[in-house]
Amino acid sequence: SHPIISQDRNLKFLFDYSGSSYGVSNMSKSIIVEPVFDSFQDASRKVVGFVFAVERWESYLEGNSPSDKRGFLVDVKDSCGVDMSFSIEGDNVDFKGYEDLHDPKYESIGQKGEFASFARYDRNIVDDGLTHCNFSMTVYPEDTFQSEYHTSEPFIFASVILAVFICTIGVFAFYDWMVARRQAKVLGAAKTTTAIIQSLFPKNVGERLLADAREKAVAKEKQPKGKLDFLLEEENNKTDNPFQSDPIAEYYTDTTIMFADIVGFTAWSSTREPKQVFQLLETIYHDFDAIARKRRVFKVETVGDCYVAACGLPTPRPDHHVVIARFARDCLYRFQALVHMLEVELGPDTADLSIRLGIHSGQVTAGVLRGDKARFQLFGDTMNTASRMESTSQAARIQCSQETADKLRESGKGHWVRPREDIVMAKGKGAMQTYWLDLKVEGPRSSTSGNNSERGSESEGVKTARIYAKTILGGHSDKACMMKEARLVKWNVEILTKILRMISVRRVDTISESDILSDTKMRKLEVSVLDGKSAVLDEVQEIITLPDYKSYQSKTLAEGVDIELDDCVKTQLSDYMQTLAKMYRDNPFHNFEHASHVCMSVVKLLSRIVAPALQATGDETDAERTLHDHTYGITSDPLTQFACALSAAIHDVDHTGVPNNQLVKEGQNIAATYNNKSVAEQNSVDLAWSMLMEDRFKDLRRAIYTTKDEFRRFRQLIVNSVMATDIMDKDLGLQRKDRWLKAFSECAPDNDAPDNNVVNRKATIVIEHLIQASDVAHTMQHWQIYQKWNQRLFLEMFRAYKEGRAEKDPSEFWYQGEVGFFEFYIIPLAKKLKDCGVFGVSSDEYLNYALRNKREWQTRGHQIVAEFKEKALLEYANNAHGDLLEEEESFSEQHVDEVFECDPV
């Protein structure tokens, strides 16, 4: 558009020539044109030619950026509308085109500036009237520049810093948690320690012990802790007196001490599992402790089954003798209630336990005898005398000394004490006049009488105890027998229910749906036994086949699965046992209590072979397999265990009180029915089995067995077990002896033989011996248990003699008969329990008791037989045919009336 250049007619040639001549046809360029005149005279000169120069725009950009920098785009614009884009890659500049080609995403970071501002035309200085184009440029980055400078280092640095920060916070948080946890442990340990100290020591003694411990700890922290100091400290501890402070001891002038001991506990515990022994003691002592807290009595200690308590220390109180008297009364009542309630859980004879108590008032020295296992103890003659009051007392009685009786009289409680009829010869004391403490149960009292802490009406425990005392201790009442029978029934039901649940759980893994018989088929199978013409004795099996071990058997039990029985099954089992109890006759020995005692022994022996499975370590499958093989499969089959327990419960049903040979001699119809063989045993099986087959027990039967194999095994186990209790039948005895020799003699087949009959034969004979041992378990238990049942059996046979159903007076042969019974049956049987290797420590326990009882009987037997006969004559003369011997009762009816102030039952 320049006026001079526009005059040139060949302007295109100029551009083409400039481009081809310099090789810049693909470059941005500017052409500078200067005319050539024919003269220097302005007025008349003419253009005769042109001088022009081609200027590359790239040359302005080359060398202006570092050679190692790449990825720029320069956009050059002028005010006349020209737009050019250049790409800069280090020293290289490439023309991209006549337009703005920068990436829009970098628009905001473009750097803009003027181009050659020093040469810009300034119209204010010279105004030539021409249009001048001013240039500007903008620099943008490109993707290559971004990729060169894009890095994750900031993110990494930020992440590392964040991680360090988080770790630091975590460390501090963990440290804070550890400190809090440690403080909680320390606080918990402190609370536990304080609680233990408070339970072992009086409050003031405990506080002093804690204060001494704190002082020693502070002093120890202040000492230097160099290696030499540790050595010196250790040496000093060896030689110096560890008790630098004064002993913790006090002298109390007015106190009353109570000793309480459980009568019959040693004998009772000999028939129980350890956990049952501790359950009894914990339950009783827990309630005694509660009464002590209520009465503000200090519990001193428990030594075995002896409970020691004191009042008047550590806090003196003037009414200590009154408080201890009430405390002893409450303990007596509560004990009687507890043992009757616990009989349901702990089995027969628990309600026969009693307690004797003794109290004495005087001075004692009390304190902490420091050293290992330090505890608060009482010393002095008062303790010895109180102990003698207990040991010379009687079951269910509270005996107090002359000193305590005098103090009670001084307090207006003289009506509580009654002189004992006989003079007590106390060890280390000589002859002593003592008193029976007979407290009436007190109702609400006026605010002026006694201490406020003793006020209030009779506790629920005392009320319960009075009810039990009225019905159970008050003579030989029918109601007492009914209550005892009800407790025994409930205990048997609980035992059988537990095993039934095990059967149900085991059945989940071992029985398929296709094996379960329909009701119609099962009833047909049951009727076939009821209608069978063969006698029960003919069903005795030499070998009973128990289930093989299967690894999946333990799956459900190992997972802790428990199946609750239907309510109808529980109800039917309870009804069955109640009816079964009524089918037992009122015999002194062969009664339902004896059956329960046998059942308890069966359960104990079974538990001794089942318990090790719970303690197995390592591979549980291998452990259970080993136990299965070791016990010949008995532990793996709950149905076998149920049959053994039920057999014990039914084995003497409808026993007439005379032996089988007498029934045969009398020509009884029942003897003829069973061909004069095992009469009582076959009758018991038939009666119990027939009742079980009644329609009202259908659900119970389906819980016991569901398949043909289970039914057959259950029937065989019942028959073999009950028939095993007939120890007088010679044929049965020879058969059992032959089976034992085949199973356990040195010439018996090897245990590893492939024939399963070897294992099943051993299982069969072990089960029979288990029942036999349980049937005479009293001979292999504590002496008192043996004497209790031995006396009952003597009374039963003496009755038969007096009624003309026995030829000889049992006193004539009883001593020698018991000696022979031990030598030829009991001790060999106990040895067989040991030889079969199944029952663990129980076999040693039974054998040791059998040997001990035999020696004791040989020493005292003649005297005991004379006592048996004297008491039997007295019982028979009083026409008390169905009652227990009078000595076994804790109270006479008259004494219950005196103690509880109630009408005779």
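This is a short dialogue on reading salt bridges in a predicted model.

Visitor: What kind of model is this, and how are residues numbered?

Guide: The model is predicted: local features need pLDDT of at least 70, side-chain atom pairs count only at pLDDT 80 or more, and totals for chains, interfaces and linings use all residues. Residues are numbered from 1 along each chain as its sequence is written, and side-chain values use heavy atoms, leaving out hydrogens and water.

Visitor: What is a salt bridge?

Guide: Side chains of opposite charge can pair when their charged atoms come close. The rule asks for a side-chain nitrogen of Lys or Arg within 4 Å of a carboxyl oxygen of Asp or Glu. By this rule the count is 52 salt bridges.

Visitor: Where do Glu856 and Arg860 lie?

Guide: Both sit in helix α29 (residues 841-877), four residues apart, about one turn of the helix. Helices here are DSSP runs of H or I, at least four residues, numbered from the N terminus. Glu856 and Arg860 form a salt bridge, with their closest N and O atoms 2.9 Å apart.

Visitor: Is Glu421 buried or exposed?

Guide: Buried means under 20% relative accessible area, exposed over 50%, and partly exposed in between (1.4 Å probe, protein chains only). Glu421 is exposed, at 63%. Its salt-bridge partner is Arg418, with the closest N and O atoms 3.2 Å apart. Arg418 is partly exposed, at 26%.

Visitor: Which residues are linked in a network of salt bridges?

Guide: Glu343, Asp349, Asp352, Lys484, Arg487, Glu593, Lys788 and Arg792 are linked this way.

Notes:
Helix = DSSP H or I, 4+ residues; strand = E, 2+ residues; numbered from the N terminus.
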